[in-house]
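Student: Could we go through this model together, one question at a time? I would like to see the reasoning behind each reply.

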Amino acid sequence: MIRKLLIIASILVFIPSETFSQSEQLVINITQTSLPGQLTFENPKGSIKVTGYDGEVILVTSTLRFREAEKIVNNGMKRIDQNALDISAEVNGNNVSLLCRTIGKTVDFDIKVPRNFSLKLKSLDNGIVEIVNINGEIE
């Protein structure tokens, strides 16, 4: 009985954080998983964390760091902006270029790539680059 209550309580704790944060996921298929590849990404504003794993796809999770506030306009009405994250990728064989077009927004990225990938990463503003468990070259 106590175990069931703990499970329900832990689920309820995580629900509000997910409903208030805006994130998107992108799955990038690689054509030849046995060969090494390269991921190129320049994040205009935010952090990048890349983790190597034993999978065969690139998993990109992008999260808006600061929640956009509702804007109050005339007559007490509120304007709610749709803040879709504009994330895409260009794939050429095993060379992947990740593109981020979120002007003015701070977006943090958590990326999982196969371990044998090389990385060419850059965070231009308000972020750090963290790399874990990668066997390829890092720039």
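Tutor: Happy to; here are some questions on a sheet, a core and an aromatic pair.
Before we start, this is a predicted model, where local features need pLDDT of at least 70, side-chain atom pairs count only at pLDDT 80 or more, and totals for chains, interfaces and linings use all residues. Residues are numbered from 1 along each chain as its sequence is written, and side-chain values use heavy atoms, with hydrogens and water left out.

Student: In what order do the 4 strands of the open sheet run?
Tutor: Strands here are DSSP runs (E, at least two residues), numbered from the N terminus, and two of them pair if DSSP finds at least two bridges between them. The pairing in this open sheet is mixed. The order of its 4 strands is E7-E8-E2-E10.

Student: Why is one side of E7 and of E10 left without a neighbour in the sheet?
Tutor: Strands of a sheet pair through backbone hydrogen bonds, either parallel or antiparallel. Strand E7 (87–92) and strand E10 (118–123) each have a single partner strand, so one side of each has no neighbour in the sheet: both stand at the edges.

Student: Which residues are the bridge partners of Thr-40 in E8 and in E10?
Tutor: Strand E2 (residues 38–43) pairs in the parallel sense with strand E8 (residues 95–100) over 4 bridges, and with E10, also in the parallel sense, over 6 bridges. Thr-40 belongs to the uncovered face of E2, with Gln-38 and Glu-42. Its partner in E8 is Ser-97, and in E10 Lys-120.

Student: Which strand gives the largest share of the largest nonpolar core?
Tutor: Such a core is a set of buried Ala, Val, Leu, Ile, Met, Phe, Trp, Tyr and Cys residues joined through side-chain atoms within 4.5 Å, where buried means under 20% relative accessible area, exposed over 50% and partly exposed in between (1.4 Å probe, protein chains only). Of its 22 residues, Ile-58, Leu-98, Phe-109, Ile-111 and Val-113 touch the most other members. The largest share, 4 residues, comes from E9.

Student: What kind of aromatic pair do Phe-41 and Phe-109 form?
Tutor: Rings of Phe, Tyr and Trp (its six-membered ring) pair if their centres lie within 6.5 Å; planes under 30 degrees apart count as stacked, over 60 as edge-to-face and the rest as tilted. For Phe-41 and Phe-109, the values are 4.7 Å centre to centre and 70 degrees between the planes. Phe-41 lies in E2 and Phe-109 in E9, so the pair ties together parts 68 residues apart in sequence. The pair is edge-to-face.
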